[in-house]
Amino acid sequence: MSIINIHKSVPVKIGDIVLYCEKFKASGIKNYSEQNTVSGDVTITNSGKKAVRLIFSGRICDESNLLYFPVYINNLMEDNGTFNIEYKNVIFGECRIQSFVTDDNNDDFISATVTVISTQINIKNEEL
């Protein structure tokens with residue numbers, strides 16, 4: 001017999017807004033430049049790591065004004081500054097908003113998905 005764990009939303013602060021995260025996804029990519037030699041062999045000539053993409057999906061429960069969230073996130077996306085996000089004892093640094101989606105079903109919350117790029121990832125209280 002297996003034990004089922006009850007999943008709780010994790011509060012994630014994105015700027016001044018708290019998103020109660022129910023789903024998280026991270027992805028990273030490294031690009032390689034390839035060249036063919038005269039003999040037809042492949043040579044890797046350069047490489048470059050891209051920023052890590054973080055996707056936070058969950059609920060916004062701002063009792064004063066639920067639709068403040070897309071306005072705030074849109075303004076944050078236009079800003080050139082960076083911010084940090086903490087998620088389960090991991091600090092994602094130098095974050096920037098890449099995209100967002102909100103869904104209002106006329107409930108006491110709105111569903112939101114925010115995609116962020118980050119260039120630094122560290123365990124909380126540790127230098128990597």
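Cys61 is partly exposed in this predicted model, with a relative accessible area of 38%. A search of the whole structure finds zero disulfides, and Cys61 accordingly takes part in none, the nearest cysteine sulfur being that of Cys21, 13 Å away. Since a disulfide calls for two cysteine sulfur atoms within 2.5 Å, the sulfur of Cys95 is likewise too far from a partner for a bond, because its closest cysteine sulfur, in Cys21, lies at 13 Å. Where Cys61 is partly exposed, Cys95 is buried, with a relative accessible area of 0%.

The backbone offers a second topic, that of the phi angle. Most residues other than glycine have a negative phi. Against that background, two asparagines deserve attention, each in a loop between strands.

Asn89 is found in the loop that links β6, which spans residues 83–87, to β7, which spans residues 90–103. Its phi is near 65°, a positive value in a residue other than glycine, and Asn89 is partly exposed, with a relative accessible area of 48%.

Further along the chain, on the other side of β7, the loop between β7 and β8 (110–118) holds Asn106. The phi of Asn106 is near 60°, again positive although the residue is not glycine. What is the relative accessible area of Asn106, and is the residue buried or exposed? Asn106 is exposed, with a relative accessible area of 73%, whereas Asn89, in the loop between β6 and β7, is partly exposed.

How values were computed: Residues numbered from 1 in each chain as written. Predicted model: local features only at pLDDT ≥ 70, side-chain atom pairs only at ≥ 80, totals over all residues. Heavy atoms only, no water. Helix = DSSP H or I, 4+ residues; strand = E, 2+ residues; numbered from the N terminus. Buried < 20%, exposed > 50% of the residue type's maximum accessible area, 1.4 Å probe, protein only.
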